[in-house]
Amino acid sequence: MTQAPPPVPSATPLLDRHEALGARLIEFAGWLMPVSYTGIIEEHRAVRSAAGLFDLSHMGELVVEGPEAGAGLAAALVSDPPSLAVGRAHYSMICAPDGGILDDLIVYRVAPERFMVVANASNAEVVSDALVERLAGRSAVLDDRSLATGLVAIQGPRAGAILQPLTDVDLGTIRYYGIAEGHVAGIPASIARTGYTGEDGFELFVDVDRTGDAWDAVLAAGRPEGLVPVGLGARDTLRLEAGMPLYGNELDRHTNPYEAGLGRVVKLEKEGDFVGRSALEKVAHDGPSRRLVGLVMRGRGIARHGHPVLDAGGRTGEITSGTMSPTLGEAIAMGYVAPADAEPATMLDVEIREARVPAEVVSLPFYRRPA
Amino acid sequence: MVPGDLRYTKDHEWIRVEGDEALVGITQYAADQLGDIVFVELPDVGRALDAHGTFGVVESVKAVSDLYAPVGGEVVATNDALTGKPELVNDDPYGEGWIMRVRLADAAQADGLLDADAYEQLIAGG
């Protein structure tokens, strides 16, 4: 019997542009993606000081449409999509009946009876399958638009100034977590004021065939203002500084929203049942058995995913993400600890190879953009 | 072209022999592969080294890499400048980015390592 050849990773519409820019490419969730162009630290700093341009075309866009689209999503997700006004979005999660997280999502209400659910690339198929199952019997249709949609994000303090001359939408009218329909460089686009960096910015959803044109237009307009292309490496350091969770690290099938400090996303007060309700009500009532915290290393060493966290009595948890923060100049991390160890200013140890390195619990986020 | 007066290992360390001591670091190729280096775990002065054994760690933003001793001996000095400026390894890996100075147990061990041509061939092969 012959073995099937390993699957070839998919290319986003921008792959040849990444190659032309000299990007270092990696395989991520079945896609060939840029991890960096000029260097992670340089790209990270550009986003904090000017702006960065991200190819996010690998992500999943699932459109749910129909008279029961809102009600169907309310029963499928932990949040309450019918409470969204048209042109508004919120952060959400889709959980299993036991309360474990299948994915974290952003849900956009683009029309009274049309919602766009944006899923992580690594979970797009799982989310699509789960939604199809959960919407069965509802007057609502799921249309997986992932392969038909390109997504480019511009993030940073100069994002608005760079984008405004290219678009017919007055960006000042889009509030944070808002979405508007318009054009970018003449290309029809949904423009969302959402992001994963802790900076102001816009995510541009376009027809997949226009992704290259949108990228080229924004990059050309932005270069003189300091805009640079930014890869997944800096995307990770930026979101970690902003205290944002990453599915696969802070969130997974065996984690519930309350452990991750995301209980506010679960709308127990909404009407009707939803998948995971009884399990999540129990956690909300009893309190989670572990808590996600931010940590700053107070000795020499960088905490990394998997490193044990210790208190005076022994092991209390483990690190989920860690890096050297380019903005703070300190090693930062997130990890799960026992609730008794979760108060800011608690001193713990992280086991890094043979050493125990002191770390201090801090409130998240590590970085907040200037007002 | 890598410096002609150094010897190299398959793990991309370099060694510059100076009598019965030697300077050790990692190559530009290794530094480029790692990306921005943000942390170097240096061995303690006085530590005994086995040839090919690990003696420390170099960390980039995303990854942790072991460092392997090109030869056996004893650590007599480490580049403490790397504590505050780990990026020296990226910017000047054969000069200011040196990692440790060792007293060689056996100077002949260095002769068995790759010369510049052999190392160039190794990295050209990908």
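**Exercise 1. Two paired strands of chain B**

In this predicted model, find the sense in which β2(B) and β3(B) pair, and how many bridges they share.

*Solution.* Start with the two strands themselves: β2 covers residues 13-18 of chain B and β3 covers residues 21-26 of chain B. Their pairing is antiparallel and runs over 6 bridges. Next, look at individual partners. B:E13 has B:I26 as its bridge partner in β3(B), and B:W14 is bridged to B:G25. Finally, go to the turn of the hairpin: 2 residues stand between the strands, and B:G19 takes a positive phi near 75 degrees.

**Exercise 2. From a hairpin to a sheet**

Work out which strands of chain B form the open sheet, and which ones are its edges.

*Solution.* Step one is to leave the hairpin through β3(B), which is joined by 4 bridges to strand β9 (residues 100-104) of chain B. These two strands run antiparallel, and B:V24 finds its bridge partner in β9(B) at B:M100. Step two is to write the order down: the open sheet has 6 strands, β1-β2-β3-β9-β8-β5 of chain B, with antiparallel pairing. Step three is to read off the ends. The edge strands are β1 (7-8) and β5 (48-49) of chain B, as each of them pairs on one side only. As a reminder for anyone tracing side chains here, in a regular strand they alternate between the two faces of the sheet.

**Exercise 3. Checking a helix**

Compare the expected span of α6(A) with the distance between its end C-alpha atoms, then decide how its buried residues are placed around the axis.

*Solution.* Helix α6 of chain A takes in residues 211-222, which is 12 residues. The rise is 1.5 Å a residue, so the helix should span 16 Å. Remember that the multiplier is one less than the number of residues. The end C-alpha atoms are 16 Å apart, so the two values agree.

Now list the buried residues of α6(A): A:T211, A:A214, A:W215, A:A217, A:V218 and A:G222. They cover an arc of only 165 degrees around the axis, and therefore sit on the same side of α6(A).

**Exercise 4. Two domains and two chains**

Describe how domain 1 and domain 2 of chain A touch, and then how chain A touches chain B.

*Solution.* Take the bounds first: the domain assignment gives domain 1 of chain A as 10-56 + 148-241, and domain 2 as 290-362. Their C-alpha centres are 32 Å apart. Across the boundary, 7 residues of domain 1 are in contact with 7 residues of domain 2 of chain A. On the domain 1 side, α2 and α7 of chain A each supply at least two residues. The most come from α2(A), which gives 4 residues. By class, this side has 2 nonpolar, 2 polar and 3 charged residues.

For the chain interface, 10 residues of chain A are in contact with 8 residues of chain B. On the chain A side, the elements giving two or more residues are α2 (40-49), α7 (232-241) and β17 (314-324). The residues of that side divide into 4 nonpolar, 5 polar and 1 charged.

**Exercise 5. Backbone details worth a look**

Locate A:A29 and B:H52, and decide whether each is buried, exposed or partly exposed.

*Solution.* A:A29 is in the loop between β2 (24-28) and β3 (31-36) of chain A, and its phi is near 50 degrees, a positive value in a residue other than glycine. With 16 other C-beta atoms within 10 Å, A:A29 is partly exposed. B:H52 is in the loop between β5 and β6 (54-60) of chain B; its phi, near 75 degrees, is also positive in a residue other than glycine. B:H52 has 13 C-beta neighbours inside 10 Å, so this residue counts as partly exposed.

One further stop for the backbone: a cis peptide bond joins A:L364 and A:P365, with omega about 5 degrees. A:P365 lies in the segment after β20 (355-362) of chain A.

**Exercise 6. A glycine and its distant partners**

Find the surroundings of A:G231 and the residues it contacts beyond its sequence neighbours.

*Solution.* A:G231 is in the loop between β14 (227-229) and α7 of chain A. This glycine has 25 C-beta neighbours inside 10 Å, so A:G231 counts as buried. Leaving aside neighbours within four places in sequence, its contacts are A:A23, A:P34, A:V35, A:S36, A:Y37 and A:E43. Take A:P34 from that list: A:P34 and A:G231 are 197 residues apart in sequence, and their C-alpha atoms are 5.0 Å apart in space.

Methods:
Residues are numbered from 1 along each chain as its sequence is written. Chains are lettered from A and ligands numbered from 1 in the order in which they are written. This is a predicted model: local features need pLDDT of at least 70, side-chain atom pairs count only at pLDDT 80 or more; totals for chains, interfaces and linings use all residues. Two residues are in contact if their C-beta atoms, placed from the backbone, lie within 7 Å. Ala, Val, Leu, Ile, Met, Phe, Trp, Tyr, Cys and Pro count as nonpolar, Asp, Glu, Lys and Arg as charged, and the others, Gly among them, as polar. Two strands pair if DSSP finds at least two bridges between them. Domain bounds come from an automatic or database domain assignment. A residue is buried if 20 or more other C-beta atoms lie within 10 Å of its own, exposed if 12 or fewer, and partly exposed in between; C-beta atoms are placed from the backbone. The arc is that of the directions from the helix axis to the C-beta atoms.
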